[in-house]
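Here are some short exercises to work through with the structure open beside you. Try each task before you read its solution.

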Amino acid sequence: MKTCLFIYNPFSGKGKIKTSEKDIVSRLSTKYKVTTFVSHEIGDIHSYILANASRYDLLVVSGGDGTLNETVNAVLRLNKKPVLGYIPSGTVNDVARSLKIPKNIKHAVDIILEGNVFYHDVFKMNDRYGIYVCCSGLFTETSYATSRNAKEKFGKLAYFFHGIKKIFSTPSVNLTLEYKDGTLSGKYAILLILNSRSVGGFVMNKKAKLDDGLVDIVLIKSKKDKVPLSAVFRLAKVFLGGVPKKSTENIRVLKLASFTLTTADDTIINLDGEKISKGSFEFKVLRQALPILVSEKFLKR
């Protein structure tokens, strides 16, 4: 019988996944010999996967986007990579939205048991991996700075409330982006690097291809040291209306497979919703590097 490692974060979302553990294991056990690991602190999933996951045929993880990022960063370091199954249980679950994996636990397990593998792009920045977004500037601290209590009480609205408080105090990002065909340099309200159809719960890039070896980059210009209200409106337009097809005077749009970004040493970089570094980085897309289970309907689409 094939083997499965089931890992979950009991603190993600409102903690409901804990009450479903027995049912999930029971259903997975119809096809796999299952081992369970429960996360208790940041970093223990990464360590456990590095030490154990290469022995399994299937790795099922349940948590939010941060839990998934921790999982991806471990799996990409394995010589033998198990197929990944995902049960979203976080507050926003952007990756699951992009892959059409439902938050309903029963339906998510159905997808895992049906076994349709999709090879998802992963990107690497310096020594870290990401699967759906990298950003800096306006609103980018919201995902990790919002308290767990606020997320449990208000859901994704907690991110909105926190972000609103920071609108008029966010500094513009001074950056230089160097790529094969040119260089961009100046002040920007936000840098968005997208490998996802959903960001922050908004479907803003619905035609994104998640396995083409490219990321979509959006840069919104700023003419001041603090982000001006005009840039906030432009960002709102992107979130509500989607990524523009072409660059404009104030919004630059690119599709790239690799580039170098240079920023000030104190510039905070957000990767998959987590604060992971400051300053400059080398960026490269690893095409179709992560095997993850999705529905047949998603594959046909």
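The exercises below use a predicted model, and each one comes with a worked solution.

**Exercise 1.** Work out how strand 1 and strand 2 are joined, and what unit they make with helix 1.

*Solution.* Start by finding strand 1 at residues 2-8 and strand 2 at residues 32-38. The two strands run parallel, joined by seven bridges. For a landmark, look at Ile7, which stands opposite Phe37 in strand 2. Now add helix 1, residues 21-28: together with strand 1 and strand 2 it makes a right-handed β-α-β unit.

**Exercise 2.** Find what surrounds Glu70, and decide whether Glu70 has a salt bridge or none.

*Solution.* First, locate Glu70 in helix 3, which spans residues 65-75. Next, look for a charged partner: the nearest side chain of opposite charge is Arg128, 8.0 Å away. A salt bridge needs a distance within 4 Å, so buried Glu70 has none. Then turn to backbone nitrogens. The one of His46 lies 3.0 Å from a polar atom of the Glu70 side chain, and that side chain also reaches the backbone nitrogen of Asp44 at 3.4 Å. Finally, list the contacts beyond four places in sequence: Ile42, Gly43, Asp44, Ile45 and His46.

**Exercise 3.** Is Ser47 buried, exposed or partly exposed?

*Solution.* Begin with the location: Ser47 lies in helix 2, residues 44-52. Its relative accessible area is 46%. Buried means under 20% and exposed means over 50%, so Ser47 counts as partly exposed. To place Ser47 relative to Glu70, compare C-alpha atoms: they are 9.5 Å apart, with the two positions 23 residues apart along the chain.

Notes
Residues are numbered from 1 along each chain as its sequence is written. This is a predicted model: local features need pLDDT of at least 70, side-chain atom pairs count only at pLDDT 80 or more; totals for chains, interfaces and linings use all residues. Side-chain values use heavy atoms; hydrogens and water are left out. Two strands pair if DSSP finds at least two bridges between them. Helices (H or I, at least four residues) and strands (E, at least two) are DSSP runs, numbered from the N terminus. A crossover is right-handed if, with the strands pointing away from the viewer, the path from the first strand over the helix to the second runs clockwise. Buried means under 20% relative accessible area, exposed over 50%, partly exposed in between (1.4 Å probe, protein chains only). Lys and Arg count as positive and Asp and Glu as negative; His and the chain ends are not counted. A polar contact is a pair of N or O atoms within 3.5 Å; within protein, one must be able to donate a hydrogen and the other to accept it, and residues adjacent in sequence count only if both atoms are side-chain atoms. Contact means heavy atoms within 4.5 Å.
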